[in-house]
Amino acid sequence: MHCYVHIPFCRKRCGYCDFFLVTKEDLQERFFSALYEETAERLAALRGSTFHSIHFGGGTPSLVSVSYLERWLETVFRYVSLSDDAEITIEANPEDLTIDKLRDLASLGVNRLSIGVQSFLPEKLLALGRCHTAPDAFRVTGEAMNLFDNVSVDLICGAEGESLGEWQRDLDCAASSGVPHVSVYMLTPEKNTLLFRRLKKGQVTLPGEAVQAALYDAACAMLGDRGFEHYEVSNFSKPGFFSRYNLGCWQRESYLGFGPSAHSFLVSGTDEVRSANVSSLIRYMASPGKAQASREVLSPEEQIDEKIFLSLRLSSGLELDDLLHYHKNSSEVLAIVERLKEQGLLEILDGAIKVSRKGFLFADKVAEELLPGLSAMSGVKK
Ligand code: SF4
């Protein structure tokens, strides 16, 4: 089982971000009291379980005092243990990572840092409205690599006016820093963000699909040349340095999510249940024992749709035999596979359907074509 904990605090909201978070730091004490309560209550029912990974996400977990995280881990370890090779990741922003903070995180047992660098270029960081500078990004990445073996940097791709040359400079800085993992996220105007509103008003323009495709292709090519394996749509790692927590989620292993807006997924035999905590800090803190806002038991058809959807995000792909088994009409689904192959979006290697580099950019659309639940070929073989 994996574990996610959502720390919902940020200094300020970035214009493109639609995550659940607040900017009121004075609520931290009350939030952590609630988090300890929720954690103890839920883990008491799972006493004796083993976590293979713990992921501090947010928000900005590096913003809060390490002592809060330490106390949360103490609560966790009263009920569950960690596997010997467990991964403990914290998402961190460069402006929080003093050398002392890095040392404290290492002492806490954190063994993987995921740093929200987003760019190494001063103008791009300004355009994105980030709180750190380019020198911060270089300093922190270097210091993190001195203290941790396993460091990831996030890069944002497709900022306003970004040229191919600028993007290649960012990729080069990330690869040259020695980090064994890079995540690349296309800047997307999510609804209810400042970026979306500015885009609607014509105050900002983002690269079109063709430029986005060229930027993404450059990331695949450059990081591939520098020894990174493209193991998921947005993720590149040196051998063995993939994110265990994220890979577990994509491979549909069980995970428990704590904190407001956190999601959980529990597999027990053939039963699969997804649930989500309430997306309101006030309601969460008022009643942490009743944080769950929704719970859904997946039908066999929904389980299959999810397996196809998530498998196609991964370089390991989906077994062709499995796909044929899921569909009532094999010849129809084979015709779709053939068409997607001809369009250069799919390939079949060693009996598995894999999304091509070109197809990765449209992985969700490719998967939708192959879902028995959404396609014209409804029905699952019994
Ligand atoms: S720091 Fe990260 S989580 Fe916080 S607002 Fe910015 S993008 Fe969102």
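**A walk through the hairpins, a helix pair and a ligand shell**

Let's start at a turn: in the hairpin of β14 and β15, two residues sit between the strands, and Asp-350 takes a positive phi near 50 degrees. Keep in mind that this is a predicted model, where local features need pLDDT of at least 70 and side-chain atom pairs count only at pLDDT 80 or more, while totals for chains, interfaces and linings use all residues. Residues are numbered from 1 along each chain as its sequence is written, and side-chain values use heavy atoms, with hydrogens and water left out.

Back to that hairpin. β14 (residues 346–349) and β15 (residues 352–355) pair in the antiparallel sense over four bridges; two strands pair if DSSP finds at least two bridges between them. Strands are DSSP runs of E, at least two residues long, and helices are runs of H or I, at least four, numbered from the N terminus. Leu-349 has Ala-352 in β15 as its bridge partner.

Zoom out a little and you get an open sheet of three strands, in the order β13-β15-β14, with antiparallel pairing. β13 (318–319) and β14 stand at the edges with a single partner strand each, so one side of each is left without a neighbour in the sheet. Helix α13 (residues 330–342) lies across β14 and β15, running at about 110 degrees to β14. Angles like this run from 0 to 180 degrees between N-to-C directions, and axes are lines fitted to C-alpha atoms, for helices over the stretch in contact.

There is another hairpin to look at. β10 (residues 263–268) and β11 (residues 271–277) pair in the antiparallel sense over six bridges, and Ser-268 stands opposite Asp-271 in β11. Two residues separate these strands, and Gly-269 in the turn has a positive phi of about 65 degrees.

Now for a helix pair. α6 (residues 164–176) and α8 (residues 209–225) pack at an angle of about 30 degrees, with their axes 10 Å apart. That makes α6 and α8 roughly parallel to each other, a label for angles under 35 degrees. The contact (heavy atoms within 4.5 Å) involves residues including Trp-167 and Leu-171 of α6, and Ala-218 and Met-222 of α8.

Finally, the ligand. The residues around the ligand (one heavy atom within 4 Å of it) include Cys-10, Cys-14, Cys-17, Asn-93 and Arg-130. This shell divides into six nonpolar, three polar and three charged residues, where Ala, Val, Leu, Ile, Met, Phe, Trp, Tyr, Cys and Pro count as nonpolar, Asp, Glu, Lys and Arg as charged, and the others, Gly among them, as polar.

Definitions and conventions:
Parallel < 35°, antiparallel > 145°, perpendicular 65-115°, else oblique.
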